[in-house]
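Student: Could you take me slowly through one part of this model, explaining how its pieces are arranged beside one another?

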Amino acid sequence: MATGAVPASFTGLKSRDHKGIGFAKCSDFVRVSDLQRVKFRRTKVALIRNSTNPGSETVELEPASAGSPLLVPRQKYCESIHKTIRRKTSTVMVGNVALGSEHPIRIQTMTTTDTKDVAATVEQVMRIADQGADIVRITVQGKKEADACFEIKNTLVQKNYNIPLVADIHFAPPVALRVAECFDKIRVNPGNFADRRAQFEKLEYSEDDYQKELEHIEQVFTPLVEKCKKYGRAMRIGTNHGSLSDRIMSYYGDSPRGMVESAFEYARICRKLDFHNFVFSMKASNPVIMVQAYRLLVAEMNVLGWDYPLHLGVTEAGEGEDGRMKSAIGIGTLLMDGLGDTIRVSLTEPPEEEIDPCRRLANLGMKASELQKGVAPFEEKNRRYFDFQRRSGQLPLQKEGEEVDYRGVLHRDGSVLMSVSLDQLKAPELLYKALAAKLIVGMPFKDLATVDSILLRELPAEDDKDARLALKRLIDISMGVITPLSEQLTKPLPNALVMVTLNELSTGAYKLLPEGTRLVVSVRGDESYEELKVLKSTDATMILHDLPYTEEKISRVHAARRDDLVIGAGTNAGALLVDGLGDGILLEAPDQDFDFIRNTSFNLLQGCRMRNTKTEYVSCPSCGRTLFDLQEISAEIREKTSHLPGVSIAIMGCIVNGPGEMADADFGYVGGAPGKIDLYVGKTVVKRAIAMEHATDALIQLIKDHGRWVDPPAEE
């Protein structure tokens, strides 16, 4: 059975067969079920006309992808798929800071101090403000913390710091009411503000049961809305993928659809009370789910005619390059869609460290929307906005008579290509190690995270026997060696893959190569359909989509720090990979460390949920609720477990967002009480109250007990 949700104001389902369609009123939504009986025209499932505005466009529902049970509006989710145009929104005032499309993308972070420690919290807020943040969020878990908030606010004002403060609320409506009297904005989590913590139980709801729960939410939430109206406060309705209620999951599943509906339940109450000073967020630790949820949210808002601003973030992104990469993939992709009005990069680091990557992403988003660079309009056939489905491509097949095995030049889960210089060929063993190949008696062999192919823009001289022997050894282990047509014609390298341009294809220049030569075609992506037609008759091993930088970008990247490469790659390449539109990555940054570029490439593929080559960590950024030194413990766990590709570990300072935060993790290490750790397998707690000094060893033993442990590789 396929099930969808459409606004109740949309009536008159048009199909050739109405008999199998059931309607059930649920708040402002109508459930449409048994849609498999509706006769399809191509992939369209239903046509629904807006009865409140007969002149408006007909809205269509369709499966998110072939065979998907998720129905999505065909209505647009962004202003343009051809270029970056910022989505038009209303303006929401957070204290003296305006959020919305008419204003800069605002950057924010969250304190990590104990909120009851007023002096420490004030000092941290001032450091954050001095770093350039526009907004600061503070956790407020109880009455003592709420009381401290008044003193925090007053002290900051006395010190001439007027940065808006946001209260982070979970499970505590009375606390929210108290702190709304002094803070500028309240963040509520729809999954746990009025609902109990999810038990991951499959519950059966009648329409009456469901309606009663909605009435309970309205009863609990209304006083806060009224107080925010009275004091002129803002609100963020912030859904978290890990903390959806049992009711929502039973009805909509643990899905982007459930995330959107969870937020809409609260938004409808706000609108009913004529309160509109709020923003939405749809956070997840998985960038792919996060992107799907925000896009679905905007598509649904477009159907309803809503224009509320968006707060973007990838929750529990982690630390270092991993955290920055995940955030760049999720936030950067949406910024390129023109979505997002305020952002936070959640890192397991001091909050001041979040500001710089946050600013870089905000600048990328603002610049993209200001320049509105794009391509000529086209019809999309492969990308699925709301339901990740990787574009299917043919991996190289071995051809009769070929002397070497070409099947390893690309990897089924995502390929990493590296640009290699002639200088690197002067020290072959160092090059093999830099490519992450295993060495046995000086000979290279491919390993789990070995580079798949290399690009050599200049071939060694034909009489440079050592360099050519090094390349032969790489080709012999099925590593592709790619070189331009001009190089191959003047200094031919046996069994190399030859890179050609569309012009070289159309003019027939490539025919000067021996018959059977493997081709790699380089395209810019802005060519006309007429120019691209030549690809249909070309037997290419791979196509390289070159994303060129302008001269300005080149000089900036070369002069900047590593963050630029990580964030630029995550935003530009990640925005394609997260849509399933790529099969690999080639990063070229001559001034950057070779190992760093290789690691960044593999991290990008892993962040896009393509190729796992190391342990995956879901690590919260810490806040006033954290029950241990998150940065220290995270470093300790990573040091002992980073060699387990395919294993995912959640490291959480507390369980405030619910065990659903471990939805993406195999094992969880969670603060249960001061000095005590609870261990999880998936969403289930299996050991409680372990003394912290023994908890890391207990986690390792738990991994061993489930057959997921391997000993670290011996040092060569």
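Tutor: What follows is a close look at one open sheet, and then at the nonpolar cores. Please keep in mind throughout that this is a predicted model.

The open sheet is built from 5 strands, which follow one another in the order β27-β28-β29-β30-β31, and their pairing is mixed. As general background, strands of a sheet pair through backbone hydrogen bonds, and they may do so either parallel or antiparallel. At the edges of this sheet stand β27, covering 616-619, and β31, covering 684-691, each of which pairs on one side only. If you go from one strand to the next, you will find that the twist averages 20°.

Within the sheet, look at strand β28 (residues 648-652) and strand β29 (residues 667-673), which run parallel and are joined by 4 bridges. To find one partnership here, start from isoleucine 649, whose bridge partner in β29 is phenylalanine 667. Helix α20, made of residues 692-705, lies across β28, β29, β30 (676-681) and β31, and its direction makes an angle of about 145° with β31.

Turning now to the cores, the largest nonpolar core has 145 residues, and among those with the most contacts inside it are Phe221, Met235 and Leu435. The helix that gives the most to this core is α7 (residues 287-304), with 11 residues. Apart from this largest core lies another core, of 28 residues, which includes Ala650, Ala665, Ile677 and Ile690.

Terms used
Residues are numbered from 1 along each chain as its sequence is written. This is a predicted model: local features need pLDDT of at least 70, side-chain atom pairs count only at pLDDT 80 or more; totals for chains, interfaces and linings use all residues. Side-chain values use heavy atoms; hydrogens and water are left out. A nonpolar core is a set of buried Ala, Val, Leu, Ile, Met, Phe, Trp, Tyr and Cys residues joined through side-chain atoms within 4.5 Å. Buried means under 20% relative accessible area, exposed over 50%, partly exposed in between (1.4 Å probe, protein chains only). Helices (H or I, at least four residues) and strands (E, at least two) are DSSP runs, numbered from the N terminus. Two strands pair if DSSP finds at least two bridges between them. Axes are lines fitted to C-alpha atoms, for helices over the stretch in contact, and angles run from 0 to 180 degrees between N-to-C directions. Contact means heavy atoms within 4.5 Å.
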